[in-house]
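I opened the notebook to look up one sheet, the helices beside it and a pocket. The entries follow in the order in which I looked.

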Amino acid sequence: MRTTVGIIGAGPAGLLLARLLHNAGIDSVVLESRDRAYVERRQRAGILEQGTADVLRAAGAGERMDREGLRHDGIELRFDRRRHRVDFPALTGGRSVMVYAQTEVCKDLIALQLAEGGPLLFEAEALAVEDAGTDAPRVRFRHEGREDVLECEYVVGCDGFWGVARKAIPTELVQIFERTYPFGWLGILADVPPSHDELVYARHDRGFALLSMRSPSVSRLYLQVPDGTDAEAWSDEAIWDELERRFETADGWRLERGPITQKSVTPMRSYVHEPMRHGRLFLAGDAAHIVPPTGAKGLNLAVGDVVTFARALAHRKETGSPELLDAYSQTCLRRIWQAERFSYDMTALLHRAPGATGFEDRLQLARLERIASCRAAETDLAEGYAGFPFE
């Protein structure tokens, strides 16, 4: 099998890249190790930056998002039993975010790819990327019980942290930057309408909490818990009780409870792999970088990567110049490090570290007071949350 771009992974990054390339008249093949049902139901991110939503619309994948997604013009910060709303459009020149689950983005892009795009092979496990440093890279994969080879001009690894693409870059060329956090998020899905119409980020002496949603009838909520926590060790009642404590306000706001349909614990880490390119192999999304979820940046960073690659390859096709492809890693990393910085700052602002002192607690509250009282500080948060521009 032969194609121009071999794409490993049919998450939102790989699927969107295939769509962008199709619209640019560039052929591709997508290899996904899981079956279609798994890809369409795995729960991940749910916040789309303004730029991500705009890219999906321009790619022809925004119709259902605009019909069923929830536009949010701000978030609420809670601390010291008080509430402060951050108004995104007023602070960013009109930008907002969209609540639309990754599962739904994948469903939309899969439908488009199967109807209009190139081959999308489910249950096709990539085994290795070979000859990445040459002009003719190959992806060895297993599909329908037999091994095959996909011959490419370019390979893009959208196969996540545990995928094979990154392993094809020689270790002597690589620098790793990472940080692990001594806490995680206990997340739940609950069949109950959200108790607030925008996301609520709560800083509490007992730990962080987040009120989010997947739809007008399904709530998504999170609690900071110690690293290594077993989700099943928490009863449903204990989860709701703890959420109530951390979201408590002085004005009598109430948290609505409902049946919990899913619970899991997400570890927290920051990770960047440099470079993101070796020869004609390009990394995108979690294959190259991970952020703690506090800043809602993971999916949006992956979109930035594939937009950068698609534009660079279209430029090569139109002009013959490899300049933008050669600059891929540096271009992506400028945006990635700003998102890493923002996500780290949000995490440090809202989570209580084990063993935190009273001094550190007061600093957190002082930072939150600064955001609530200073337009410049509030604007910096709003601009970071609504999204850094694609270069």
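Entry 1. I looked up a strand pair: β13 (175-190) and β16 (residues 218-226) pair in the antiparallel sense over eight bridges. Strands here are DSSP runs of E, at least two residues long, and helices are runs of H or I of at least four, numbered from the N terminus; two strands pair if DSSP finds at least two bridges between them. Leu 189 has Arg 220 of β16 as its bridge partner.

I noted that this is a predicted model, where local features need pLDDT of at least 70 and side-chain atom pairs pLDDT 80 or more, while totals for chains, interfaces and linings use all residues. Numbering runs from 1 along each chain as its sequence is written, and side-chain values use heavy atoms, without hydrogens and water.

Entry 2. I traced the open sheet of eight strands and found the order β6-β5-β14-β15-β16-β13-β17-β20, with mixed pairing. β6 (82-87) and β20 (289-290) are at the edges with a single partner strand each, so one side of each has no neighbour in the sheet.

Entry 3. I checked which strands α10 lies across, and they are β13, β14 (199-203), β17 (260-274) and β20. α10 runs at about 130 degrees to β17 (angles run from 0 to 180 degrees between N-to-C directions, with axes fitted to C-alpha atoms, for helices over the stretch in contact). Helix α12 (residues 375-386) packs on the sheet and touches β5 (74-79), β6 and β14 (contact means heavy atoms within 4.5 Å).
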